[in-house]
Amino acid sequence: SSGINAEWPLRPGECPGGPRVPGLYTSGWARRGSDGVLATTITDSANTAMSILEDLEVNSRSLNENGDVCDMFRDRGVEFVTFDQWQEIDSLEKEKGKVKGKPREKLVCYKDIMDKIKALF
């Protein structure tokens, strides 16, 4: 267990300890410390995404006029990965792993991932 305790009950995705910061979310080890397995992290990430979407719905003024979160991110200069882009990265990781006799070979460098996405899209 990570020993991280918060002074209030955390919603999925909220950062433990310290003051609440609107728009700041965490997941996996960044939220709980080095605790849990891959399935825990996947569930945690899905719950974090749901918290983000709930906050966007509640704070609709955060969205641009047509309510598209991707457009809002682009307008604000936020670099992000769409689901289609993630699927391409997922396929690349599986291809790299197959060559090594593994289910996948993770791409771990953020810059490499974003460079591959930019080359594909």
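**Exercise 1.** In this predicted model, determine whether Asp 71 is buried, partly exposed or exposed, and identify the side chain that meets Asp 71 in a salt bridge.

*Solution.* Begin with accessibility: Asp 71 has a relative accessible area of 23%, and since buried means under 20% and exposed over 50%, Asp 71 is classed as partly exposed. Next, turn to the partner, which is Arg 74, whose side chain meets that of Asp 71 with an N to O distance of 3.0 Å. Finally, place the pair in the fold: both residues lie in helix α3 (residues 69-75), and because they are three residues apart, about one helical turn separates them.

**Exercise 2.** Work out which residue of helix α4 pairs with Lys 94, and state how accessible each partner is.

*Solution.* The partner is Asp 90, with the closest N and O atoms 3.3 Å apart. The two positions are four residues apart in α4, so they are separated by about one helical turn. As for accessibility, Lys 94 is partly exposed at 42%, whereas Asp 90, at 11%, is buried. Side chains of opposite charge can pair when their charged atoms come close.

**Exercise 3.** Describe the salt bridge between Lys 111 and Asp 115, then name the residues that salt bridges with shared partners join into one network.

*Solution.* The side chains of Lys 111 and Asp 115 approach to 2.8 Å, N to O. Here, too, the residues are four apart, this time in helix α5, which places about one helical turn between them. Lys 111 is exposed at 53% relative accessibility, while Asp 115 is partly exposed at 37%. The network with shared partners consists of Asp 90, Glu 93, Lys 94, Arg 104 and Lys 106. The count of salt bridges in the model comes to nine.

**Exercise 4.** Establish which residues of α5 are buried, how they are arranged around the axis, and what lies on the face turned away from them.

*Solution.* The buried residues are Ile 113, Met 114 and Ile 117. Because these residues cover an arc of only 90 degrees around the axis, they are on the same side of α5. The element against which the buried residues of α5 pack is α4. On the face turned away from the buried side one finds the exposed residues Lys 111, Lys 118 and Ala 119; Lys 111 is also the residue that meets Asp 115 in a salt bridge.

**Exercise 5.** Characterise the second largest pocket by its volume, by the residues closest to its centre, by the helices that contribute to its lining and by the classes of the lining residues.

*Solution.* The volume of the second largest pocket is about 330 Å³. Its lining comprises 14 residues, and those closest to the centre are Trp 86, Ile 89, Glu 93, Arg 104 and Lys 106. Helices α2 (38-58), α4 (83-99) and α5 (110-120) each supply at least two residues of this lining. Sorted by class, the lining holds 10 nonpolar and four charged residues, with no polar ones. To connect this with Exercise 3, note that Glu 93, Arg 104 and Lys 106, which are among the residues closest to the pocket centre, also belong to the salt-bridge network.

**Exercise 6.** Locate Asp 44, decide whether Asp 44 is buried or exposed, and list its contacts beyond four places in sequence.

*Solution.* Asp 44 is part of helix α2. With a relative accessible area of 8%, Asp 44 falls under the 20% limit and is therefore buried. Leaving aside residues up to four places away in sequence, Asp 44 touches Ser 27, Gly 28, Arg 31 and Arg 32.

Terms used
Residues numbered from 1 in each chain as written. Predicted model: local features only at pLDDT ≥ 70, side-chain atom pairs only at ≥ 80, totals over all residues. Heavy atoms only, no water. 1 Å grid on protein atoms, 1.4 Å probe; cavity = no way out; pocket = protein on both sides within 12 Å on 5 of 7 lines; lining within 4 Å. Points joined across faces, edges and corners; volume = space filled by probe spheres on them. Nonpolar A, V, L, I, M, F, W, Y, C, P; charged D, E, K, R; others polar. Buried < 20%, exposed > 50% of the residue type's maximum accessible area, 1.4 Å probe, protein only. Arc of directions from axis to C-beta. Contact = heavy atoms within 4.5 Å. Salt bridge = Lys/Arg side-chain N within 4 Å of Asp/Glu carboxyl O.
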